[in-house]
Each structure stands twice: as structure tokens, then as C-alpha cells.
Amino acid sequence: MFALLFGQIMGLVSKILIADAFPAAELDAFFSANRVSETLFTLIAAGALGSAFLPTFTGLLVKDQKPAAWRLASSLINLVTLVLSLAAILVSIFAPQIVRYLLAPGLSRDPAVFALTVDLLRIQSVAAVLFGLGGLAIGILNAHQIFFIPQLTAGMYQIGQIFGVLVLARWLGIYGLAWGVVIGAALFLLIQLPSLFHLKGDYSPSLGLQNPDVIRVFQLMGPRVFGTAIVQLNFWVNNNLASKMTEGSIQGLSYAFTLMVMAQAAIAQSVAIAAMPTFSAQHALGKLDELRSSLASALRGMFLLALPASVGLILLARPIVSLLFERGEFSANVAQMTAWALIWYAAGLVGHAFMEVLTRAFYAQQDTKTPVIIGAVAMGLNVLFSIVFSRWFAQIGWLPLGGLALANSLATALEAAALFIFMRKRLNGIEGKSIVHGFLQASIATLAMTAILLLWLRLITVIPPWLLVLGGITAGGLTYALILATLRVPEVRSLLSLIQRRLQRT
């Protein structure tokens with residue numbers, strides 16, 4: 001969690017600097033171009049290989065088949081390098097067509113912005129190869145129960161962007177930021193190499209196309225690639241629709257989603273990333289009761305952490321955006337659009353947190369088909385919701401980009417509910433009473449927190465945004481913690497006991 005928070009803080013710093021340095025039109029071009037490299041990375045490395053490679057690699061390790069595990073890793077390193085390099089070349093060649101017909105047709109209204117988007121896309125396509133190798137390295141290290149260094153990678157990526165804004169942009173403008181993305185992608189990979197080499201695995205140059213373990217990974221990847229492609233299609237549709245809205249809509253959506261993901265990363269990703277190797281080992285060893293208990297504990301934690309965070313982001317959306325971004329080139333109009341989108345994205349935080357844990361529980365059992373089928377249906381609904389809600393919001397006089405955010409939240413909630421139902425059936429229950437009890441405790445504490453926050457926002461009006469946000473977080477957080485302690489929530493008692501033991505040991 002510390003490493004993820006570091007990455008999120010660095011991301012926040014980079015977003016603040018970027019918002020201050022470049023006008024809305026240039027940032028619409030940048031975020032559109034960045035979407036392609038992120039899609040390639042998510043399709044091949046983060047999503048597909050992460051879900052298919054990690055369980056297979058972990059299974060070999062726990063069964064003392066280390067040589068076979070490293071042959072598998074070597075083959076995938078070679079294949080990822082080859083596939084992503086070819087993909088980056090194709091993206092560079094067909095960049096104008098990708099921008100004009102798929103990514104951001106609305107930007108073609110301005111020839112200068114269109115040409116800029118094409119140039120930025122070609123520069124940033126290089127990052128996909130580095131991201132792919134870095135994503136595979138994360139899987140290898142996580143399988144060896146190494147989490148801290150791999151999760152620092154996000155922070156290193158953001159440091160590359162910060163360098164691009166503060167240094168390269170002085171001479172290159174927005175192009176400096178694009179090269180900062182490439183530098184950040186290189187740091188993303190390089191920081192992991194010492195830990196990777198310390199494992200002393202045997203690398204081989206083979207593609208391993210006849211290796212049954214490689215074939216198994218590809219079999220598991222197939223459904224996941226399809227599902228991830230559907231998810232990325234939704235982002236492309238949102239980018240496509242936002243490019244036809246008011247200038248700054250792409251930027252507003254990107255910043256709002258980033259703020260929601262910051263909370264989701266600290267709450268859900270830290271738990272899910274650490275839990276997945278445990279889930280995988282428990283499945284490989286046939287310890288179903290332990291898997292059921294581990295999953296129930298993680299899901300209780302999602303309610304206790306995500307529910308108050310969701311409400312807090314909704315109530316404090318406008319002052320948070322003003323505090324972080326509203327200066328320099330980031331106008332009050334773009335700040336209002338960003339806050340509006342954040343409200344609707346934050347409404348789906350609990351669904352995102354649940355989905356993060358549940359999907360990894362499926363992948364740990366080497367089942368990529370079930371979450372992919374559910375995810376494909378949900379994301380298909382997401383695309384439909386995006387079109388319907390954005391038009392509906394426009395008709396009733398609301399900013400239409402809020403409809404895009406609401407579509408994401410609703411589709412994610414439906415997906416998380418379906419995943420829970422299927423997992424509960426698969427495991428013959430997931431300690432439902434414990435999870436429901438945790439939800440009720442979190443709800444009671446969140447209601448009390450909401451009352452305090454509303455009172456704070458009503459009584460305290462003419463103060464700087466930083467004081468409004470800090471005071472709101474402090475008052476709401478203390479109220480929430482106090483109610484949980486009063487309700488004698490087991491997780492709170494465990495945390496206090498852990499702190500007490502650490503202090504005694506010190």
C-alpha cells in the first residue's frame with residue numbers, strides 16, 4: 001500500500017504540473033495519444049499475461065519445478081518483446097487513421113490539434129514495449145512474494161512524466177511530455193531489474209512455442225485478451241464521444257478517472273495484488289477453506305475502506321479538484337467538468353474495489369473465462385450506457401461527460417455483483433454473514449461521516465480549498481474511525497493490536 005500510495009502521489013504531482021503547464025486542446029491531444037500505448041500494455045502485459053502467467057508460474061514454483069517456471073518466463077519475455085515491437089511499428093504507420101476514425105475524430109476539426117495527436121501517438125508507442133516487459137517482470141516478482149519494488153514502478157513512470165514537464169517541455173513543449181512518458185516507461189522496467197537478477201533465474205532465448213506451459217498461458221490468455229479488449233473499447237468509445245463535446249472534456253474525464261483510481265489503487269489494488277499469489281497457492285494446494293476465508297476477509301475490507309472513500313470523493317469533489325488543479329492553464333470551466341465527472345466515477349468505487357479482488361480470485365483458480373464473459377457483457381452495457389446517458393444528460397441540461405462516468409460506474413457495479421454470485425456458487429459460499437455484517441458496520445459509520453461532512457460544508461464556506469478539503473477529510477475520517485471502534489469492528493481491533501505489538505517490539 002505504501003508503494004502504491006507513493007505511485008499515486010507522484011501521479012498526482014505529475015497531473016498537477018501537467019494541468020498547469022499545457023492548454024486544454026494540447027492535453028486533449030496528449031491524453032488521446034496516450035490511450036493507445038496504455039491499451040497495448042493492458043491487453044498484452046498487465047491484463048492478459050498478468051492473469052494467465054502469474055497463476056501458471058506460481059503453480060510451477062510451489063510444486064518445486066523451478067527450471068520449468070523460468071523456461072516459461074523466458075519464452076514470454078521473448079514473445080512480449082516481439083509482439084509489442086510489431087504492434088508499436090504498426091501504430092506508428094497507421095497513426096493518422098487511428099486518430100481520425102477510432103480514437104478522437106472530434107479532434108480532426110482542428111488540423112493543428114489532429115497533427116499534434118498523430119505526432120504524440122507515434123512517440124508514445126515506444127513506451128508500450130517497455131511497459132510490456134515491465135509488466136511481465138512484476139508478475140515474476142509477485143510470484144516470489146516480492147511486492148514493494150514492483151509497486152514502485154508506477155511512481156517511477158510518473159517521475160518520467162514529471163521530468164518531461166519540468167525539463168524537456170522547456171524546449172520541446174508538449175512533445176517533451178510525450179518523451180517523458182517514454183522515459184517513465186524505461187524507469188518502470190529498470191527499477192525491477194536488480195530484484196529480478198537477484199532471483200538468479202535461468203534465461204533462455206527460445207520462444208517456447210512447443211512448451212506446454214507456454215501453450216497453457218496462451219489458452220488462459222485468450223479469453224482475457226478478449227475481455228480486456230472489450231474494456232479498452234469502452235475507453236476508446238468514451239474518448240471518441242468526449243472529443244465531440246466541449247473542449248477540455250477529454251482532459252476532465254481523464255483527471256476525474258485518475259482521482260477515482262487513486263483511491264481504488266490504495267484501497268483495492270494493494271489488497272488484491274498481495275492476495276493473488278496467496279489465492280493461487282491455496283488453489284494449487286487444494287486448500288479451499290483457506291481460499292474462502294481469505295477472499296471473505298478481503299471483501300469485508302473493501303466495504304470498510306471503499307464505502308467511506310466513495311462518499312468522501314462525492315461530497316468533496318469540487319474543492320478537491322480546485323485544490324489540486326485549478327491554476328495556470330487549468331480553467332474554472334475545466335475544473336467544474338472534472339468535478340462533475342468525479343462525482344459519477346466515485347459512485348462506482350465500491351464496485352471497482354470488489355471487482356479488483358474477485359477477478360483475481362478467479363484468475364488464481366486459473367479460470368479466465370468466467371470473469372471475461374461477465375466483463376464482456378458488462379462492458380458492452382457500458383458502451384450502450386455511455387451513449388444513452390451522455391445524450392440524456394445533454395437533454396436535461398447537465399454536462400454530458402458526467403453520463404460517461406455514470407455509465408462506467410453502473411456497468412462496473414453490475415459486473416462486480418455477477419462475479420460475486422458466480423464465485424459464491426463456485427466456493428459453496430463466501431462466509432456471507434461476515435461480509436454482510438461488515439457492510440452494515442461500514443454503512444452505519446459512513447452515514448455518520450456523511451452527516452459530519454455535510455454539516456462541515458454547510459457551515460464552512462468562505463475558506464481556502466486546501467483548508468476545506470483537509471478539514472473535511474479530518475472530521476469525516478475521525479468520525480468514521482470512532483464509529484467503527486464503537487461498533488467493535490474486528491479489523492479495527494486487529495489493527496490496534498498490530499500497532500501495539502510493533503510499539504512494544506520497538
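With 506 residues, this protein would be expected to have a radius of gyration near 23 Å if it were a compact globule, and its own value of 23 Å agrees with that. Please keep in mind as you look around that this is a predicted model. Along its principal axes, the C-alpha trace spans about 60 × 60 × 45 Å.

What is the chain built from? The secondary structure comes to 21 helices and 0 strands. As for how the chain is connected, take the contacts between residues at least 6 apart in sequence: 83% of them join residues at least 24 apart.

Now consider the inside and the outside. Of the 506 residues, 57% count as buried. The accessible surface comes to about 21,500 Å², and carbon and sulfur atoms account for 69% of that area. Charged side chains are part of the picture too: 31 are positive and 19 are negative, and the centres of these two sets lie 8 Å apart.

Let us step inside. The largest nonpolar core has 159 residues, and the members that touch the most others are F57, L259, L295 and F325. Helix α12, which covers residues 249-284, gives the most to this core, with 15 residues. F57 is a good place to pause. Which residues does F57 meet, once its neighbours within four places in sequence are left aside? It is in contact with A69, W70, L72, A73, I140, A143 and H144.

Just before helix α12 comes another spot worth a visit. G248 sits in the loop between α11 and α12. Is G248 buried or exposed? Its relative accessible area is 0%, so G248 is buried. Not counting residues up to four places away in sequence, G248 touches A24, D28, V334 and M337. There is also P23, which is 225 residues away from G248 in sequence, while the two C-alpha atoms are 8.8 Å apart in space.

Helix α11 itself holds V225. Because its relative accessibility is 28%, and the partly exposed class runs between 20% and 50%, V225 counts as partly exposed. V225 and L43 are 182 residues apart along the chain, yet their C-alpha atoms are separated by 5.8 Å.

Next, follow the chain to helix α13, residues 288-315, where you will find L307. Its relative accessibility is 17%, and the limit for a buried residue is under 20%, so L307 counts as buried. Leaving aside neighbours within four places in sequence, the residues in contact with L307 are M302, V350, F439, A442, S443 and T446. Compare this with L241: the C-alpha atoms of L307 and L241 are separated by 30 Å, with their positions 66 residues apart along the chain.

The loops hold a few more points of interest. One of them, between α6 (126-143) and α7 (148-151), contains Q145. The phi angle of Q145 is near 60 degrees, which is a positive value in a residue other than glycine. With a relative accessible area of 47%, Q145 is partly exposed.

K200 offers a second case of a positive phi in a residue other than glycine, here near 55 degrees. It lies in the loop between α10 (193-198) and α11 (212-242). Is K200 buried or exposed? Its relative accessible area is 68%, and since exposed means over 50%, K200 is exposed.

The tour ends at I460, in the loop between α19 (432-459) and α20 (465-486). I460 has a relative accessible area of 28%, so it is partly exposed. How far is I460 from V126? Their C-alpha atoms are separated by 49 Å, and the two residues are 334 apart along the chain.

Key:
Residues numbered from 1 in each chain as written. Predicted model: local features only at pLDDT ≥ 70, side-chain atom pairs only at ≥ 80, totals over all residues. Heavy atoms only, no water. Helix = DSSP H or I, 4+ residues; strand = E, 2+ residues; numbered from the N terminus. Rg over C-alpha atoms; globule rule 2.2 N^0.38 Å. Buried < 20%, exposed > 50% of the residue type's maximum accessible area, 1.4 Å probe, protein only. Contact = heavy atoms within 4.5 Å. Areas by Shrake-Rupley, 256 points an atom, 1.4 Å probe, with all protein chains shown as cover. Lys, Arg positive; Asp, Glu negative; His and termini not counted. Charge placed at Lys NZ, Arg CZ, Asp CG, Glu CD. Core = buried A, V, L, I, M, F, W, Y, C linked by side-chain atoms within 4.5 Å.
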